[in-house]
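Hi everyone, thanks for coming along. I'd like to walk you through a structure today, piece by piece, so please keep the picture in view as I talk.

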Amino acid sequence: MIANYGYKDGSGEFFIAIDTDKCNGCGDCVPVCPAKLLAMADDEYDPLSEKTVVNVIKEERNKIKYSCAPCKPASGRGPLPCVAACTPGAIAHSW
Amino acid sequence: MAELQEFWRWTEYTWNNPDIDWRKAKRISAGIDVGSVSSQALILADGQIFAFSNLRTGSNSPDSAHKAINGALKDTGMELSNINYSVGTGYGRVNIPFANRAITEIACHARGANFMAGPKIRTVLDMGGQDCKAIHCDERGKVSNFLMNDKCAAGTGRGMEVMADLLSIPIKEIGELSYQVDKEPPPVSSTCVVFAKSEALGLMRSGWSKNMVLAAYCSAMAHRVSLLLGRIGVEDQFFITGGIAKNPGIVKRLEKELGIESVKTKYDSQIAGALGAALFADTLLQKGGA
């Protein structure tokens, strides 16, 4: 399943998409996020599965444009820490 | 003083199926959907819809949940203790004291839509009281992709209520009246409820009829929602849940914009969340949880 966390407003679309089929629950992405947006939890969108997957913390979902900004400098950005840390390639950013 | 008419108020009601004898049922499961504007409780007897209620949410989630389940239990002779397993969902799901488990409304709406409109449903749009969710699901009603706007509540039921109140038009008539215009006006530029309200006032001052304002607001809302759906795409078949599904002013305009018809069913679109929760409760009960 692809879970899109984030929002769209007058300045653009800001979504972090997590592919829970690819996520293996390793949790490597959690400590590398400087803004601490990510957490491991039961897959709440598939209540019958027992799988633990990463999600974007609820309180943070409506401000990711700002929280993620330090990793996305206008001067050009390197690989995003969360995306780079994810071996199975389950995390993607829409902007 | 004349009593104020509440134009935004929609009909609250309860329903039960007198043909089902719940005392013979082996499994009684319930779903309670405490939303931001409305609350529903739905009871399944051996997987069949036995009773439900559709009421307004108050300021207190536990009270609203009790009110909803008592509404569904009314006149059935059943008591809360007869329910074997219940699942809470919606905005207030963590505050339902008698629920065995809380499940997110996104999973519940997909599951409910699958039951209501059949396994061919691939895209579910839940137009709720204060948010709007676009969901893709598979033939079992399992979520495969979803998107909601975590920041903005424009394009939702509450916006319609505000507009009904402003224009003094009963909320149920908005859909029909929005088509009684000579030609479709341009959409209002803002869909933020607060700004749209002041824009609507401005339009009325400049001589627009109420119906024109409604048409402009409905098409702005339809456009806004179609943009949200655009991000994940619309796959056939398409189904709309939530209170707004009852408003043809939005539904028809949205269908036109997307170029796809939505599936209509005999069920009340507002119960999808509670139905999904009750179906999960039924599954969990069969898996041995109680």
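I'll start with a sheet, go on to the contact between the chains, and finish with a helix and some unusual backbone spots. One thing to keep in mind is that this is a predicted model.

Let's begin with the sheet. How many strands does this open sheet have, and in what order do they come? There are seven, and reading across we get β5(A)-β2(A)-β1(A)-β9(B)-β8(B)-β7(B)-β10(B), with mixed pairing. At the edges sit β5 of chain A, residues 91-93, and β10 of chain B, residues 238-241, each of which pairs on one side only. Going from one strand to the next, the twist averages 15°.

Now look where the chains meet in that sheet. β1(A) and β9(B) run parallel and are joined by three bridges. If you want a residue to find on screen, Ile2(A) stands opposite Asn145(B) in β9(B). Next door, β9(B), residues 143-148, is also joined to β8(B), residues 132-137, by five bridges, and that pair is antiparallel. There, Cys137(B) has Val143(B) of β9(B) as its bridge partner.

What lies across this part of the sheet? Helix α2 of chain B, residues 105-117, lies across β7, β8, β9 and β10 of chain B, and runs at about 60° to β8(B).

Let's step back to the contact between the chains as a whole. On chain A, 17 residues are in contact with 17 residues of chain B. Which strand gives the most to chain A's side? That is β1, residues 2-9, with eight residues. Sorted by class, chain A's side has eight nonpolar, three polar and six charged residues.

Chain A has another strand pair I'd like you to see. β3(A), residues 38-42, pairs with β4(A) in the antiparallel sense over five bridges, and Met40(A) has Val54(A) in β4(A) as its bridge partner. Why do we call β4(A) largely enclosed by the rest of the structure? Because four of its five residues, 52-56, are buried.

Over to chain B and its helix α1, residues 61-73. Here's a check you can do yourselves: at 1.5 Å a residue, the 13 residues of α1(B) should span 18 Å, and the end C-alpha atoms are indeed 18 Å apart, so the two agree. Its buried residues include Ser61(B), Ser64(B), Ala65(B), Ala68(B) and Ile69(B). An α-helix has 3.6 residues a turn, so residues three or four places apart point the same way. The buried residues of α1(B) pack against β1, β2, β3, β4 and β5 of chain B.

Last, the backbone oddities. Most residues other than glycine have a negative phi, and most peptide bonds are trans. Following α1(B) we find Asp75(B), with a positive phi near 65°, in the loop between α1 and β5 of chain B. Is Asp75(B) buried or exposed? It is exposed, because 11 other C-beta atoms lie within 10 Å, and 12 or fewer counts as exposed.

Ser168(B) also has a positive phi, near 55°, and sits in the loop between α3 and α4 of chain B. With 9 other C-beta atoms within 10 Å, Ser168(B) is exposed. Finally, the peptide bond from Asp236(B) to Gln237(B) is cis, with omega near -5°, and Gln237(B) lies in the loop between α6 and β10 of chain B.

That's my tour, and I'm happy to take questions.

Conventions. Residues numbered from 1 in each chain as written. Chains lettered and ligands numbered in written order. Predicted model: local features only at pLDDT ≥ 70, side-chain atom pairs only at ≥ 80, totals over all residues. Pairing = 2+ DSSP bridges. Helix = DSSP H or I, 4+ residues; strand = E, 2+ residues; numbered from the N terminus. Axes fitted to C-alpha atoms, helices over the stretch in contact; angles between N-to-C directions. Contact = placed C-beta atoms within 7 Å. Buried ≥ 20, exposed ≤ 12 C-beta atoms within 10 Å, placed from the backbone. Nonpolar A, V, L, I, M, F, W, Y, C, P; charged D, E, K, R; others polar. Expected span 1.5 Å × (residues − 1).
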